[in-house]
Amino acid sequence: MVQEKFPGVFVVGGRLATLSLAPGSRVYGEKLVREAGGEYRIWDLYRSKLAAAIHKGLKELPIKPGSTVLYLGAASGTTASHISDILGRSGSVFCVEFAQRPMRELLQVCELRENMLPIMGDARKPQEYAEMVGRKVDVIYQDVAQPDQSEIFLRNSALFLKRGGWGLICVKSQSIDVTAQPKKVFEKFLVQVGEEIEVKEKIELSPYDLEHLFISGKRR
Ligand SMILES: C[S@@+](CC[C@H](N)C(=O)[O-])C[C@H]1O[C@@H](n2cnc3c(N)ncnc32)[C@H](O)[C@@H]1O
């Protein structure tokens with residue numbers, strides 16, 4: 001049985017899934033299920049922080065069919081491909097990644113999905129890919145696991161995020177400070193980004209990802 005949880009996000013046989021935009025292809029070995037004339041990709045809660053956040057009760061999903069998303073830290077496209085499914089052909093996701101190995105895999109995923117646009121670039125230097133993006137975006141999704149996660153978000157938000165647009169940020173406390181208590185690291189992060197976005201939801205991602213906080217907030 002297929003139930004819609006958010007536009008473009010489904011529960012299929014009790015598991016979170018998206019309707020594949022590239023039927024017949026897998027991105028990370030995910031299970032494919034044919035139901036009601038479509039092919040659904042089961043969305044692994046342990047492989048995608050967005051899936052874990054939705055499963056753990058995210059109330060509003062600002063990534064919608066037709067949205068434009070800037071994705072920082074796309075890796076080989078696990079989560080970005082599910083976002084591509086949600087957006088459909090009328091939306092687009094710009095996928096920024098700076099490491100060569102995941103980028104090679106990401107390029108193969110993007111070849112099958114016209115709405116996924118790969119950008120080999122450093123998220124610390126958004127001006128270097130500003131021309132490629134060439135517009136304001138509805139959502140910035142960030143999962144970079146770097147000590148300067150808050151600065152990276154602020155720089156990209158200033159350049160690309162529409163007023164009233166959304167930031168979805170996966171904060172990894174261990175990458176910011178291994179010695180500090182995660183709670184303290186998260187509090188500091190929230191203050192740093194709080195000037196730019198009004199934080200709406202905070203979801204701690206255990207047991208799917210340890211010491212990670214998922215934040216959603218609206219640009220002021
Ligand atoms: C935790 S992984 C992302 C997993 C991915 N978001 C997913 O769910 O499928 C973090 C990724 O961010 C990339 N990254 C880290 N710092 C970056 C930067 N400054 N610019 C671009 N990519 C970066 C890393 O190379 C790595 O692939």
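## Exercises: a buried serine and a ligand shell

Ser-25 is buried, with a relative accessible area of 14%. Keep in mind that the model is predicted.

**Exercise 1.** Work out why Ser-25 is classed as buried rather than exposed, then describe its surroundings.

*Solution.*
- Step 1: Take the relative accessible area of Ser-25, 14%. Buried means under 20%, so Ser-25 falls in that class.
- Step 2: Place Ser-25 in the fold. The residue sits in the loop that runs between strand 3 (15–19) and strand 4 (32–35).
- Step 3: Look for contacts, setting aside neighbours within four places in sequence. Ser-25 then touches Glu-30, Leu-32, Glu-39 and Leu-112.
- Step 4: Check the polar side-chain atom of Ser-25. The backbone oxygen of Ala-22 lies 2.8 Å from that atom.

**Exercise 2.** Which residues come nearest to the ligand, and how is the shell made up by class?

*Solution.*
- Step 1: Start with the 16 residues around the ligand; Tyr-71, Thr-79, Glu-97, Asp-122 and Gln-146 come nearest.
- Step 2: Sort the shell by class. This gives six nonpolar, five polar and five charged residues.

**Exercise 3.** Find which protein atoms lie 2.6 Å or 2.8 Å from a nitrogen atom of the ligand, and state how much of the ligand is covered.

*Solution.*
- Step 1: Begin with side chains. Tyr-71 places a polar side-chain atom 2.6 Å from a ligand nitrogen, and Gln-146 has one at 2.8 Å from a ligand nitrogen.
- Step 2: Turn to the backbone. For Ala-123, a backbone N or O atom lies 2.8 Å from a nitrogen atom of the ligand.
- Step 3: Finish with the area. On its own the ligand has 600 Å² of accessible area, and the protein covers 85% of that.

Definitions and conventions. Residues are numbered from 1 along each chain as its sequence is written. This is a predicted model: local features need pLDDT of at least 70, side-chain atom pairs count only at pLDDT 80 or more; totals for chains, interfaces and linings use all residues. Side-chain values use heavy atoms; hydrogens and water are left out. A residue is near a molecule or strand if one of its heavy atoms lies within 4 Å of it. A polar contact is a pair of N or O atoms within 3.5 Å; within protein, one must be able to donate a hydrogen and the other to accept it, and residues adjacent in sequence count only if both atoms are side-chain atoms. Accessible areas come from the Shrake-Rupley method with a 1.4 Å probe; for residues, only the protein chains shown count as cover. Ala, Val, Leu, Ile, Met, Phe, Trp, Tyr, Cys and Pro count as nonpolar, Asp, Glu, Lys and Arg as charged, and the others, Gly among them, as polar. Helices (H or I, at least four residues) and strands (E, at least two) are DSSP runs, numbered from the N terminus. Buried means under 20% relative accessible area, exposed over 50%, partly exposed in between (1.4 Å probe, protein chains only). Contact means heavy atoms within 4.5 Å.
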